[in-house]
Amino acid sequence: MSDRHSPDVLVRYTPAERLRHWLVAILFVCAAASGLALFHPALFWLGGVLGGGAWSVVLHPFAGLAMSLAFYAFVRPLWHHNRLEPRDRAWLRAMRDVVDKREDRLPEVGRYNAGQKILTYVLAAALLALFATGIVIWRVYFSNYFAIGVIRFSALLHAFAAFVLVVGIIVHVAAAVWVKGSVAAMTGGTVTIGWAFKHHRAWFREMIRPSGGR
Ligand code: HEM
């Protein structure tokens with residue numbers, strides 16, 4: 001067992017990783033609430049998160065930009081753990097057992113399972129689209145450089161990517177709550193060896209090797 005771990009727990013996220021993740025989550029709430037407030041009058045009240053309607057207009061693009069950059073800083077060092085492998089296909093085929101929580105019937109899972117990996121790609125694609133289209137429709141600084149058709153198309157794509165991101169985050173939070181012990185990994189930084197063995201066995205084996213690396 002590596003020195004960095006007590007006999008009962010494994011480090012899953014360092015303090016810096018957790019800080020980056022929760023920064024993304026807070027900025028997501030700010031960007032999503034202010035964006036929805038701008039999207040429809042019925043959701044105008046959500047603008048209160050950033051100090052009211054006028055402040056939502058001003059701060060929404062900055063919150064979105066900061067969220068995209070924080071997401072990149074958080075995910076970049078973890079990206080290699082999200083590469084799809086042949087065993088991920090077997091995991092996806094065994095979805096019935098995943099839903100039934102029959103981990104004993106599933107192929108061994110690395111640091112992240114196929115569902116987490118695919119969701120991370122979806123979040124990254126949605127954020128990239130939001131970032132690019134957000135620049136185009138950011139009237140104060142950039143819209144002057146683009147044709148009206150491009151701005152209109154970008155506004156449409158921006159709303160669609162926002163929808164994908166919000167649905168993705170609902171799935172992400174539901175999965176985090178559903179797999180007991182996950183949220184503790186992102187708050188306290190550690191998981192029990194039982195949790196690691198049950199949910200991410202290949203990662204568990206890697207971590208208990210004398211070199212116990214990430
Ligand atoms: C209240 C909101 C959130 C909760 C409760 C939450 C919870 C979690 C938990 C528990 C993990 C650890 C999963 C594991 O190690 O197995 C995690 C990882 C992660 N979260 Fe969140 N999260 C939230 C918001 C967000 C947001 C807004 C984003 C991005 C826009 C995000 C992106 C990620 C990513 C990329 C990972 C790493 C998974 C991977 O790389 O495959 N999370 N989250």
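## Aromatic cluster and pairs

Phe62, Trp138, Tyr141 and Phe142 come together as one aromatic cluster. The model in which this cluster appears is a predicted one. Within the cluster's membership, Trp138 and Phe142 also make a pair: their ring centres are 5.9 Å apart and their planes stand at 65°, so the arrangement is edge-to-face. Planes over 60 degrees apart count as edge-to-face. Trp138 is buried, at 10% relative accessibility, whereas Phe142 is partly exposed, at 29%.

Across the whole structure, a search finds 6 aromatic pairs. One of them joins Trp79 and Tyr121, whose ring centres lie 5.3 Å apart with planes at 65°, so this pair is edge-to-face. Trp79 belongs to the loop between helix H2 (53-75) and helix H3 (86-93), and Tyr121 to helix H5 (residues 114-136). The two residues are 42 residues apart, and their pair links distant parts of the chain. Trp79 is partly exposed, with 28% relative accessibility. Tyr121 is partly exposed too, and its relative accessible area is 26%.

## Charges over rings

Two arginine residues are placed over aromatic rings. Arg12 lies over the face of Trp203, 4.7 Å from the ring centre. For Arg201, the charged end sits over the ring of Phe197, at 4.1 Å from the centre of that ring.

## Helix H6

Helix H6 covers residues 148-178, which makes 31 residues. At 1.5 Å a residue, a helix of this length should span 45 Å. The C-alpha atoms at the ends of H6 are 45 Å apart, so the model agrees with the expected span.

Which residues of H6 are buried? They are Ile151, Ser154, His158, Ala161, Leu165, Gly168 and Ile169. An α-helix has 3.6 residues a turn, so residues three or four places apart point the same way. The buried residues of H6 pack against helix H1 (15-39), H2 and H5.

## The second largest pocket

The second largest pocket holds about 990 Å³ of space. Its lining is made up of 33 residues. Gly35, Leu38, His60, Ile137 and His158 are the closest of these to the pocket centre. His158 is also one of the buried residues of H6.

Which elements give two or more residues to the lining of this pocket? They are H1, H2, H5 and H6. The most comes from H2, with 9 residues. H1, H2 and H5 are also the helices against which the buried residues of H6 pack.

## Asp97 in helix H4

Asp97 is found in helix H4 (residues 95-99). Is this residue buried or exposed? Its relative accessibility is 15%, so Asp97 counts as buried; the cut-off for buried is under 20%.

Leaving aside residues up to four places away in sequence, Asp97 touches Arg102, Arg105 and Leu106.

## Ser211 after helix H9

Ser211 is located in the segment after helix H9 (201-208). With a relative accessible area of 59%, Ser211 is exposed, since exposed means over 50%.

Ser211 can also be placed relative to Tyr141, a member of the aromatic cluster. Along the chain, Ser211 and Tyr141 are 70 residues apart, and their C-alpha atoms are separated by 50 Å.

Conventions:
Residues are numbered from 1 along each chain as its sequence is written. This is a predicted model: local features need pLDDT of at least 70, side-chain atom pairs count only at pLDDT 80 or more; totals for chains, interfaces and linings use all residues. Side-chain values use heavy atoms; hydrogens and water are left out. Rings of Phe, Tyr and Trp (its six-membered ring) pair if their centres lie within 6.5 Å; planes under 30 degrees apart count as stacked, over 60 as edge-to-face and the rest as tilted. Helices (H or I, at least four residues) and strands (E, at least two) are DSSP runs, numbered from the N terminus. Buried means under 20% relative accessible area, exposed over 50%, partly exposed in between (1.4 Å probe, protein chains only). A charge sits over a ring if NZ of Lys or CZ of Arg is within 6 Å of the ring centre and within 35 degrees of the ring normal. The expected span of a helix is 1.5 Å times one less than its number of residues. Contact means heavy atoms within 4.5 Å. On a 1 Å grid over the protein atoms alone, a cavity is a set of points where a 1.4 Å probe fits but cannot get out, and a pocket is an open set with protein on both sides within 12 Å along at least five of seven lines; lining residues have an atom within 4 Å of a point. Grid points are joined across faces, edges and corners, and a volume is the space filled by probe spheres set on the points.
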